[in-house]
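Subject: Handing over a structure, with notes

Dear colleague,

I am passing on the structure below, and I would be grateful if you could look it over alongside the notes that follow. They start with a term that the later remarks rely on and then go through the findings by topic.

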Amino acid sequence: MFKSIYSTQLSLYYDLRSKNLSDSAAKHELCYLRRFDAYVEKRLSFRNNMTEEFINKWVGSLSGKSSSIENEVIVIRQFLNYLGSSGERVFMPIIPKVRDDYVPYIFSDKELDRIFASSDNVIQKDTKADPYLVIEFPVIIRLLYSCGVRIGETVRMDVSDVDLENGILRMVNTKGDKHRLVPMSSLMTEILTNYCLAMGLFGSCSGWLFPSAKSEGHISDKAIKRRFEMILMDNGIQLENRRRYERGPCLHCMRHVFAIKSFAQSERRGQHMDDLIPFLSVYLGHEGIYETEKYLKFSNELFPESIDAFGSFMSGLMPEVDYET
């Protein structure tokens, strides 16, 4: 698994860490540890050389979003601390400051119209594709758009998680091991009801809401993403002159569209931001309102009246100081 002069220590450390982490967190840590191992393998032949110069050069070699770099440094700091506890001389790097560099792509109303039209008129050309994809894809896209749910938690829903009588989805064990209830609009409830009738799922007590015709599991989220990418390509929906870290059009952008349209609609109705943002944060299954903030970044040209309202809400959360630092 590891190849550097610290391969034994890395293996022992990862074995200890992985026992206390979720599968996804363990995979992330393993990825960071392997990258650090590869960096060390090319540059160090002897131990006790984790000097300030070496570690700072490693930090400087990292690339990607600032939040990802921060996470990677934190993971390696923990390993270095473990290494130091065994008597190894190590330098502990400073955790780099996270910049707010995330910029989502927001579909325009015209682009959304083209996406939905293409979703409803898919011709199955790929014989290897799941036959159920033609029926399930239009429903899944509308769930992402109208409820702001994630694609992973959507395809993993069980029939028992759907309350069609009251129009409520029950999301279980989602990101961060969270559970939440997601109310649907009357139109989305009707669409989902008709889908369940067409698929013979209406009245069932259990089973995948979006089953696969090719296995006993659910439809693959990768299959949904591939189909969505094809639709974007067919409709010429792309981001010109994309900036570094700027998210181009993708399936996850539907979640951003939901957040922004919900915010704009509620703001036009005169709802107070103090009530709206925390509710939206819970609805989306976020850890807190600061995670929701990045979902509300958008162009002034789309919703100019909402920029000031949200800015005022966020500024009210930050304490003011009357001295200089």
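A residue is called exposed here when its relative accessible area is over 50%, buried when that value is under 20%, and partly exposed in between. By that cut-off Lys57, at 51% relative accessibility, counts as exposed, and Glu53 counts as exposed as well, at 55%. Please keep in mind throughout that this is a predicted model.

To begin with the chain as a whole, its secondary structure comes to 13 helices and three strands, and buried residues make up 42% of its 325 residues. The accessible surface is about 18700 Å², with 51% of that belonging to carbon and sulfur atoms. If one takes the contacts between residues at least 6 apart in sequence, 64% of them join residues that are at least 24 apart.

The two exposed residues mentioned above belong to helix α3, which spans residues 52–61 and whose buried residues are Phe54, Ile55 and Trp58. Seen down the axis of α3, these buried residues fall within an arc of 95°, so they line one face of the helix. They pack against α2 (23–43) and α4, whereas the face turned away from the buried side carries the exposed residues Glu53, Lys57 and Gly60. The side chains of Lys57 and Glu53 also meet in a salt bridge, at 3.4 Å from N to O, and the two residues lie four apart in α3, about one turn of the helix.

That salt bridge is one of nine found in a search of the whole structure. In another, the side chains of Arg35 and Glu72 meet at 2.9 Å, N to O; Arg35 lies in helix α2 and Glu72 in helix α4, so this pair ties together parts that are 37 residues apart in sequence. The partners differ in burial, since Arg35 is partly exposed with a relative accessible area of 44%, while Glu72 counts as buried at 5% relative accessibility. A further salt bridge links Arg150 and Glu153, whose closest N and O atoms are 3.1 Å apart, and here Arg150 is buried, with a relative accessible area of 12%, as is Glu153, with 5%. Salt bridges that share partners join Arg150, Glu153 and Arg180 into one network.

Turning to the aromatic residues, the search of the whole structure finds 10 aromatic pairs. One of them brings together Tyr13 and Phe79, whose ring centres are 5.5 Å apart and whose planes stand at 70°, so the pair is edge-to-face. Tyr13 lies in helix α1 (residues 7–18) and Phe79 in helix α4 (residues 66–84), so the pair ties together parts that are 66 residues apart in sequence; both residues are buried. The rings of Tyr105 and Phe107 have their centres 5.4 Å apart and their planes at 70°, so this pair is edge-to-face too, and its members are buried, Tyr105 with a relative accessible area of 11% and Phe107 with one of 2%.

Tyr13 and Phe79 also belong to one aromatic cluster, which they form with Phe36, Trp58 and Tyr82; Trp58 is one of the buried residues of α3 described above. Finally, the charged end of Arg43 sits over the ring of Tyr39, 3.7 Å from its centre.

With best wishes

Conventions:
Residues are numbered from 1 along each chain as its sequence is written. This is a predicted model: local features need pLDDT of at least 70, side-chain atom pairs count only at pLDDT 80 or more; totals for chains, interfaces and linings use all residues. Side-chain values use heavy atoms; hydrogens and water are left out. Buried means under 20% relative accessible area, exposed over 50%, partly exposed in between (1.4 Å probe, protein chains only). Contact means heavy atoms within 4.5 Å. Accessible areas come from the Shrake-Rupley method with a 1.4 Å probe; for residues, only the protein chains shown count as cover. Rings of Phe, Tyr and Trp (its six-membered ring) pair if their centres lie within 6.5 Å; planes under 30 degrees apart count as stacked, over 60 as edge-to-face and the rest as tilted. A charge sits over a ring if NZ of Lys or CZ of Arg is within 6 Å of the ring centre and within 35 degrees of the ring normal. The arc is that of the directions from the helix axis to the C-beta atoms. A salt bridge is a side-chain nitrogen of Lys or Arg within 4 Å of a carboxyl oxygen of Asp or Glu.
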